[in-house]
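Reader: I'd like to learn how to read a model like this one, feature by feature. Could you walk me through it?

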Amino acid sequence: MDILKFSLLGVAIVFAIVFTKQVKPEFAVLITIAGSIVMLAYILGFFGQIVSVYNSLILRTGVDQGYFTILLKAIAVAYLVEFASGICKDSGNTSISDKIVLAGKVSILILSIPLVETIFDLISDIL
């Protein structure tokens with residue numbers, strides 16, 4: 001990831017938000033959302049590399065692919081929740097942000113159920 005380009009993009013978006021707040025404050029939130037989506041799209045371009053590394057790990061370790069899929073889904077939920085929560089906080093909606101975080105935690109908990117079941121099965125087999 002070219003962090004310099006990404007950082008400059010972020011700074012440019014912040015400048016646009018600051019200038020817009022002075023002229024039309026109601027558009028600042030829209031620029032925040034649009035800028036965040038552009039930045040997210042830039043980041044999503046790198047997920048192909050991450051998935052290929054995970055596929056390589058799956059092949060080398062012989063671990064069930066389902067476990068890595070659960071891990072990737074949980075990470076994706078965490079990033080998405082952080083992204084959406086940040087936009088809500090930036091727009092002054094802390095209450096909605098908190099609900100998004102709660103929903104993300106519940107989603108990750110639900111995603112982890114198969115892993116917890118497997119761990120309990122292993123423990124019961126050992127005992």
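Author: Let's begin with Thr20, which is found in helix α1. Bear in mind that this is a predicted model.

Reader: Okay, is Thr20 buried or exposed?

Author: The general idea is to look at relative accessible area, where buried means under 20%. Thr20 comes in at 17% relative accessibility, so Thr20 counts as buried.

Reader: And what does the side chain of Thr20 reach?

Author: For a polar group, look for a partner atom. Here the side chain of Thr20 reaches the backbone oxygen of Ala16 at 2.6 Å.

Reader: Which residues does Thr20 touch, not counting residues up to four places away in sequence?

Author: Leaving those sequence neighbours aside, Thr20 touches Pro25, Phe27, Ala28 and Ile31.

Reader: Ala28 caught my eye. Which residues make up the largest nonpolar core?

Author: A nonpolar core is a set of buried residues joined through side-chain atoms. In this model the largest one has five residues: Ala28 is joined there by Phe6, Ile13, Ile17 and Met39. Two elements each give two or more residues to this core, α1 (3-23) and α2 (28-44). Helix α1 has the largest share, with three residues.

Reader: Let me zoom in on one member. What does Ile13 touch, not counting residues up to four places away in sequence?

Author: With that same filter, Ile13 touches Ile31, Gly35 and Met39. Notice that Ile31 is also among the residues that Thr20 touches.

Reader: Now the outside. Which residues make the nonpolar surface patch?

Author: Here you look for nonpolar side chains that sit together while still accessible. Val11, Val14, Phe15, Val18 and Phe19 make a patch of about 460 Å². Phe19, one of these, is found in helix α1.

Reader: What about Val38, and how far is Val38 from Val14?

Author: Val38 is found in helix α2 and is partly exposed, with a relative accessible area of 46%. Val38 and Val14 are 24 residues apart in sequence, and their C-alpha atoms are 13 Å apart in space.

Reader: Last topic: charges. How many salt bridges does the structure hold?

Author: In general, side chains of opposite charge can pair when their charged atoms come close. This structure holds one salt bridge. The partners are the side chains of Asp2 and Lys5, at 3.8 Å from N to O. A salt bridge needs that pair within 4 Å, so this one qualifies.

Reader: Are those two partners buried or exposed?

Author: Asp2 is partly exposed, at a relative accessible area of 32%. Lys5, at 55%, is exposed.

Technical notes
Residues are numbered from 1 along each chain as its sequence is written. This is a predicted model: local features need pLDDT of at least 70, side-chain atom pairs count only at pLDDT 80 or more; totals for chains, interfaces and linings use all residues. Side-chain values use heavy atoms; hydrogens and water are left out. A nonpolar core is a set of buried Ala, Val, Leu, Ile, Met, Phe, Trp, Tyr and Cys residues joined through side-chain atoms within 4.5 Å. Buried means under 20% relative accessible area, exposed over 50%, partly exposed in between (1.4 Å probe, protein chains only). Helices (H or I, at least four residues) and strands (E, at least two) are DSSP runs, numbered from the N terminus. Contact means heavy atoms within 4.5 Å. Patches are made of residues with over 30% relative accessible area and no salt bridge: like charges are joined within 9 Å, nonpolar side chains (Val, Leu, Ile, Met, Phe, Trp, Tyr) within 5 Å. Accessible areas come from the Shrake-Rupley method with a 1.4 Å probe; for residues, only the protein chains shown count as cover. A polar contact is a pair of N or O atoms within 3.5 Å; within protein, one must be able to donate a hydrogen and the other to accept it, and residues adjacent in sequence count only if both atoms are side-chain atoms.
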